[in-house]
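Me: Please take me through the sheets and the chain contact of the structure below, with the criteria behind each term.

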Amino acid sequence: MLDATLTSALAAILPPSALLTAAEDTRPYECDGLTLYREQPGAVALPESEAQVVEILRLCHAARVPVVARGAGTSLSGGALPVASGVVLSLAKFRRIVAIDPVACTAIVEPGVRNLAISEAAAPYGLFYAPDPSSQIACSIGGNVAENAGGVHCLKYGLTVHNVRKVRAVLVTGEIVEFGADALDAPGYDLLALITGSEGLLAVITRITVKLLPKPQLAQVALAAFDDIEKAGAAVGAVIGAGIIPGGLEMMDREATRAVEQFVHADYPLDAAAVLLIEADGTPIEVAAEMAEIRSVLTASGATEIRVSENEAQRLLYWSGRKAAFPAVGRISPDYYCIDGTIPRAALPRVLTQIAAWSREFGLPCANVFHAGDGNLHPLILFDANKPGDKERTIEFGDRILEMCIEVGGTITGEHGVGVEKLRGMCAQFAPAALERFLAIKRAFDEHALLNPGKGVPTLARCAEFGAMHVHRGELRHPQLPRF
Amino acid sequence: MNTATEARARPPAAELATLTERLRHDYGERAVTTQAIREQHAHGEGLADAALPDIVVFPHSNEEVAAIVRTCNAARIPVIAFGVGTSLEGHVAALYGGVCLDLTQMNRVLEVNDADLDCRVQAGVTREQLNAELKGTGLFFPIDPGANATLGGMASTRASGTNAVRYGTMRENVLGLTVVTADGRIIRTGSRARKSSAGYDLTRLFVGSEGTLGIITEVQLRLYGLPEAISAAVCQFPDLKSAVDTVIVAMQLGIPVARIELLDDVQMEACIRYSQLTEFAPKPTLFFEFHGTQAGVREQAEMIESIASDHGGSSFQWATRAEERSRLWKARHNAYYAALALAPGKQGFATDACVPISRLTDCVLETQADVVATGLVAPIVGHVGDGNFHLVVLFDPADPEERGKAEALAARVSMRAIGMGGTCTGEHGIGVHKLEALRAEHGEAVSLMRSIKRALDPHDILNPGKTVPLD
């Protein structure tokens with residue numbers, strides 16, 4: 001329950017329908033896409049104007065009450081998990097596309113606008129918004145900025161941080177700040193990059209200017225089958241190493257293709273150990289040239305079969321399996337756990353082979369479906385939470401994968417964020433000196449740690465505890481590693 | 001908060017003497033206090049505002065940099081990182097004395113990962129050195145600010161250049177860093193993975209921080225495959241508006257041009273004379289470069305040529321051979337000197353405006369009319385594909401009235417750009433010269449920048465007096 005004085009102060013600035021305090025009303029907000037963690041908030045505020053956001057933050061700041069900003073609640077790392085004594089600040093009513101400027105190729109949008117809605121609104125001008133997380137029909141652009149969301153097209157067109165021009169946000173003290181600029185470069189420290197991916201710990205975003213790109217005239221996808229997962233991994237490196245940056249470069253292993261085939265009937269080659277989906281986009285001449293090159297690299301890499309989409313319907317069909325992979329896996333297993341480690345591409349063959357070995361060792365099936373071109377793994381560990389020991393083994397398996405990602409020079413999260421889920425991994429990835437910088441930046445924005453507390457960056461004390469847990473027979477694991 | 005004022009004074013002589021003795025002991029001939037070397041490290045390019053460091057040290061490793069910074073932090077003595085001194089806004093002037101860390105002896109390419117299209121270099125490696133070492137790998141590093149700057153310096157100033165329109169700026173091309181923090185610890189930011197959402201984006205925070213938040217000692221860079229085909233073309237226009245409009249249409253269509261440079265009639269005349277580009281007329285001109293497959297390059301060029309022709313542009317004059325291309329781009333890079341040569345005896349400085357591309361025509365045309373009205377010689381040149389352009393303003397240093405006019409013109413260009421939603425620091429950074437402009441552009445954000453500076457450098461020892469106004 002929220003403090004009564006604060007509740008009535010909030011009630012004075014919000015209409016009754018925009019302030020939820022009863023347990024049955026706040027229940028829908030108790031978790032996000034990571035349902036393993038749940039917490040019921042003290043209250044949920046649903047402001048509809050920036051002035052209300054400012055007031056809510058001022059009141060909560062004065063009362064030292066935590067605030068968790070929330071978009072569409074699709075975070076996969078617990079980024080929007082409420083704090084028991086705190087306020088959830090939902091931006092669901094910030095749904096306006098304020099302006100589209102087809103000459104500057106930008107759109108000004110409110111944070112609650114769905115990712116896909118931006119591309120839909122830009123389509124009449126021949127433009128689109130490039131970052132496309134798989135949840136794009138539901139996730140909101142404010143959440144995308146907070147998490148620095150990725151997607152299939154990010155290989156060629158960049159992550160959210162590369163596709164946002166300007167962000168307007170409210171600091172915990174209620175001041176309004178603009179980060180970035182309408183022009184190419186903003187002077188001074190790159191606060192726009194700092195706010196992007198800050199997981200709601202630094203400010204509450206109220207308005208965003210995104211870049212729009214001209215929609216390519218043509219896109220074609222090649223589907224390549226491999227009889228060996230290591231060869232498929234090596235082919236990814238070979239494509240990029242040949243200087244080709246495809247519009248998308250995704251990989252699915254046999255476990256994944258079999259799951260999706262039952263679901264979408266895309267005619268995937270089911271006996272292949274892995275398939276790659278590689279998209280070329282641009283003008284017809286560019287696409288033809290790039291596709292020819294892709295074909296020759298894939299053949300040289302040992303592809304057993306290559307199909308190239310002949311029309312738009314076929315292209316979408318090939319992609320449908322990739323897009324539907326998560327729900328498809330959800331149908332074949334009671335539970336799954338998605339990992340988001342990212343590695344240098346050249347390490348793909350080795351890491352994939354190791355994951356397969358661990359899968360056998362743990363007796364837990366693992367479907368791999370991921371952004372191969374970025375080296376962004378998404379192993380889906382299949383388990384049954386009702387089976388004793390399954391969950392614990394799943395977490396152990398996941399930890400091993402993430403440790404290996406760090407070991408080969410990668411990161412514990414490519415695009416899903418740290419949230420509550422990967423705090424422990426942060427301690428493994430970053431040395432205390434770096435974690436101290438993170439904490440110093442947090443203090444510079446939010447002295448009393450009221451914005452989304454307990455997420456994103458672990459305290460040093462917490463790392464010390466994890467460290468103690470991780471010392472194995474008196475030894476730190478991988479002591480030789482640079483912890484970055 | 002009085003840390004800012006504390007640093008206003010030069011370090012006390014006794015403290016300096018102790019430090020100098022210690023650095024000489026530790027680094028021998030690599031710790032230099034001669035007047036000539038100190039003077040050489042007192043300024044970058046651009047308008048001179050030399051301020052001498054007390055000592056220049058040439059470290060060889062991350063650990064040496066960390067040890068020096070630790071000592072300076074304890075003694076509250078300024079530390080200024082120095083590459084090859086090509087920055088333009090007074091970034092490296094030792095305003096309050098202290099130690100200049102010349103990183104040019106940290107000049108090794110540490111690793112090149114062909115399959116991952118990345119490399120790791122020490123901060124003192126220059127971009128030309130890197131590209132020379134990449135020969136034979138089929139890869140290159142595209143960012144080209146004109147000067148043969150160090151990659152550490154380019155990261156620190158978030159450099160861009162003529163091909164940012166295709167490859168982005170250092171913001172897009174630095175994957176990770178090794179940084180020595182103000183308390184002399186070594187941290188690594190980012191990773192070799194192509195993307196990461198772990199923790200705040202320290203990499204981009206340090207990129208462009210001009211040595212005020214940490215000393216960059218190693219840079220992980222993104223590399224690109226050398227394009228199969230490269231060709232350059234020149235197109236001349238009856239007036240400036242047609243040239244700029246051509247650029248805007250090309251950008252809207254998303255044609256992936258590698259470089260587009262605009263030169264107005266005055267600049268073109270200067271280049272014709274200075275670089276013997278006698279085959280061209282002194283008219284508003286666009287230089288293009290195309291990268292891609294043979295077919296792709298041809299297609300891009302045809303699309304642009306037809307847009308240009310709709311706007312009254314001449315047919316393309318091609319430069320497909322490498323030496324012809326380099327002659328053109330050399331002429332472009334020498335634009336500043338060509339402009340100076342228009343009026344021997346005069347001095348010049350470059351303004352740096354960047355506006356949203358939709359306002360580019362307005363901004364350039366208003367600026368040109370402004371120049372004509374002042375009677376000054378100030379040619380326009382710019383990487384217009386990303387809305388960035390420069391005026392080279394010429395003035396007689398002996399004539400205070402003319403100097404005043406020149407400065408007023410530059411100030412109006414800045415305000416015009418800001419008024420159109422742009423910025424007065426498209427790529428040269430803040431240094432000392434643009435502190436006031438930063439304040440004008442970024443009200444509340446400046447106080448956040450200040451908080452970050454204080455959080456990461458509480459004693460204000462890192463390049464004090466730059467980038468963010470502390471008062």
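Reply: This is a predicted model, in which local features need pLDDT of at least 70, side-chain atom pairs count only at pLDDT 80 or more, and totals for chains, interfaces and linings use all residues. Residues are numbered from 1 along each chain as its sequence is written, chains are lettered from A and ligands numbered from 1 in the order in which they are written, and side-chain values use heavy atoms, with hydrogens and water left out.

Me: Which strands stand at the edges of the open sheet of seven strands in chain A?
Reply: Helices (H or I, at least four residues) and strands (E, at least two) are DSSP runs numbered from the N terminus, and two strands pair if DSSP finds at least two bridges between them. The order is S15-S12-S14-S13-S17-S18-S16 in chain A, with antiparallel pairing. An edge strand has a single partner, so one side of it is left without a neighbour in the sheet; in chain A these are S15 (305–308) and S16 (335–338).

Me: At about what angle to S13(A) does helix H10 of chain A run?
Reply: Strand S13 (residues 248–253) of chain A is joined by two bridges to the antiparallel S17 (residues 366–370) of chain A, with A:Met252 opposite A:Val369. Axes are lines fitted to C-alpha atoms, for helices over the stretch in contact (heavy atoms within 4.5 Å), and angles run from 0 to 180 degrees between N-to-C directions. H10 (residues 254–264) of chain A lies across S13, S14 (274–282), S17 and S18 (379–383) of chain A, and its angle to S13(A) is about 90 degrees.

Me: What area is buried between chain A and chain B?
Reply: The contact takes 83 residues from chain A and 72 residues from chain B. Buried area is the accessible area (1.4 Å probe) that two parts lose on being put together, summed over both. Carbon and sulfur atoms give 63% of a total of about 6200 Å².

Me: Which residues of chain A lose the most area to chain B?
Reply: Together they account for 14% of what the chain A side buries. They are A:Pro187, A:Tyr189 and A:Arg437.

Me: Which residue of chain B forms a salt bridge with A:Asp374?
Reply: A salt bridge is a side-chain nitrogen of Lys or Arg within 4 Å of a carboxyl oxygen of Asp or Glu. The count between chain A and chain B is five. For A:Asp374 the closest N and O atoms are 3.1 Å apart, and the partner is B:Lys195.

Me: How many residues apart in sequence are the parts tied together by A:Asp182 and A:Lys166?
Reply: These two residues form a salt bridge whose closest N and O atoms are 3.3 Å apart. A:Asp182 lies in the loop between S9 and H8 of chain A and A:Lys166 in S8 (residues 164–170) of chain A, so the parts tied together are separated in sequence by 16 residues.

Me: Which residue takes a positive phi in the hairpin of S5(B) and S6(B)?
Reply: Chain B has an open antiparallel sheet of five strands in the order S5-S6-S10-S8-S9, with S5 (109–113) and S9 (186–190) of chain B at its edges. Four bridges join S5(B) to the antiparallel S6 (residues 118–122) of chain B, and B:Val112 stands opposite B:Cys119. The hairpin has four residues between the strands, and the one with phi near 50 degrees is B:Leu117.
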